[in-house]
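Open the structure in your viewer and keep the selection tool at hand. Each stop below says what to select and what is there.

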Amino acid sequence: MDNLDKNILNALTENARLSYAEIAKANRVSPATVHVRVEKMRKAGIITGAKLSIDPRKLGFDICCFIGIILRQAGDYPSALEKLKALPEVTEAYYTTGQYSVLIKVLVRNIDDLQRLLIERLQVIDEIQSTETLISLQTPIQRTIQAT
């Protein structure tokens, strides 16, 4: 990757709706050059897609929390992951080292929904030994990594 590739990635990371013409103008190259570079980065797996960013609170999801999960056994990870995937409130999952086997990010509408999720749907998963819930009060930093 050269500086042009990095500039293209950073521009698209900042605003995925930028046209190739706008990126080209800022980098003093042709739109066709930007197109070719983006396609090469897609084929190389550097660019994996474009995502729409949604504010969950505007849709009524007022509580964001992180739940650390301790599995009964390390071998329980694949089946626990499948069960976690079935929970629509789980928006991210990480297989981790340290205290927790899995760390998940959860979005719910209110504290009652969180309680129901924990008691009725999460803690009843056989592979889960215990959980710890951390409620996020705000997200002061939220960004994508920059190409450097």
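Select Asp113 and Arg116 in this predicted model. The two side chains form a salt bridge, and the closest N and O atoms are 2.4 Å apart. Why can two residues with different numbers sit about one helical turn apart? Asp113 and Arg116 are three residues apart in helix α5, so about one helical turn separates them. Now look at how covered each residue is. Asp113 is partly exposed, at a relative accessible area of 23%. Arg116 is also partly exposed, with 39%.

Side chains of opposite charge can pair when their charged atoms come close. How many salt bridges does the count come to? The count comes to eight, and two others are worth a stop.

Select Asp2 and Arg37. Their side chains meet in a salt bridge, with 2.8 Å from N to O. This pair links distant parts of the chain: Asp2 belongs to the segment before α1, Arg37 belongs to helix α3, and their positions lie 35 residues apart in the numbering. Asp2 is partly exposed, with a relative accessible area of 34%. Add Asp5 to the selection. Asp2, Asp5 and Arg37 are joined into one network by salt bridges that share partners.

Next, select Arg121 and Glu89. Arg121 forms a salt bridge with Glu89, and the closest N and O atoms are 2.7 Å apart. This pair also links distant parts of the chain, 32 residues apart: Arg121 is in helix α5 (residues 111-122), and Glu89 is in the loop between α4 (77-85) and β2 (90-95). Are the two partners buried or partly exposed? Arg121 is partly exposed, at 31% relative accessibility, whereas Glu89 is buried, at 18%.

Keep Glu89 on screen and select Lys105, which is found in strand β3. Lys105 counts as buried because its relative accessible area is 16%, and buried means under 20%. Which residues does Lys105 contact, leaving aside its neighbours within four places in sequence? They are Cys64, Cys65, Phe66, Glu89, Val90, Thr91 and Glu92.

One of those contacts, Phe66, leads to the strands. The bridge partner of Phe66 in β3 is Lys105. Select strand β1 (residues 63-71) as a whole: seven of its nine residues are buried, so the strand is mostly covered. Then add strand β3 (residues 102-108), which pairs with β1 in the antiparallel sense over seven bridges. Strand β4 (residues 128-136) also runs antiparallel to β1, and eight bridges join the two. To see one position in that pairing, select Ile69, which stands opposite Thr131 in β4.

Now go to the two cysteines, Cys64 and Cys65. A disulfide is a covalent bond between the sulfur atoms of two cysteines. How many disulfides does a search of the whole structure find? The search finds zero. Cys64 is in no disulfide, and the nearest cysteine sulfur, that of Cys65, is 6.6 Å away. Cys65 is likewise in no disulfide, with the sulfur of Cys64 at 6.6 Å as the nearest. The cut-off for a disulfide is 2.5 Å, so a separation of 6.6 Å does not qualify. Cys64 is buried, at a relative accessible area of 15%, and Cys65 is buried at 0%.

For the surface, select Leu52, Ile54 and Leu59. These residues make a nonpolar surface patch of about 350 Å². Leu59 is in the loop between α3 (31-43) and β1.

The last stops are in helix α1 (residues 3-14). Select Leu4, which has its place in this helix. Leu4 is buried, with 14% relative accessibility. Not counting residues up to four places away in sequence, Leu4 touches Asn27, Val29, Thr33 and Arg37. Arg37 is the salt-bridge partner of Asp2 from an earlier stop. Draw a distance from the C-alpha atom of Leu4 to that of Leu122: the two are separated by 46 Å, and the residues are 118 apart along the chain.

Finish at Asn10, also in helix α1. Asn10 is buried, at 17% relative accessibility. Leaving aside neighbours within four places in sequence, Asn10 is in contact with Gln146 and Ala147.

Note on methods:
Residues are numbered from 1 along each chain as its sequence is written. This is a predicted model: local features need pLDDT of at least 70, side-chain atom pairs count only at pLDDT 80 or more; totals for chains, interfaces and linings use all residues. Side-chain values use heavy atoms; hydrogens and water are left out. Buried means under 20% relative accessible area, exposed over 50%, partly exposed in between (1.4 Å probe, protein chains only). Helices (H or I, at least four residues) and strands (E, at least two) are DSSP runs, numbered from the N terminus. Two strands pair if DSSP finds at least two bridges between them. Patches are made of residues with over 30% relative accessible area and no salt bridge: like charges are joined within 9 Å, nonpolar side chains (Val, Leu, Ile, Met, Phe, Trp, Tyr) within 5 Å. Accessible areas come from the Shrake-Rupley method with a 1.4 Å probe; for residues, only the protein chains shown count as cover. A salt bridge is a side-chain nitrogen of Lys or Arg within 4 Å of a carboxyl oxygen of Asp or Glu. Contact means heavy atoms within 4.5 Å.
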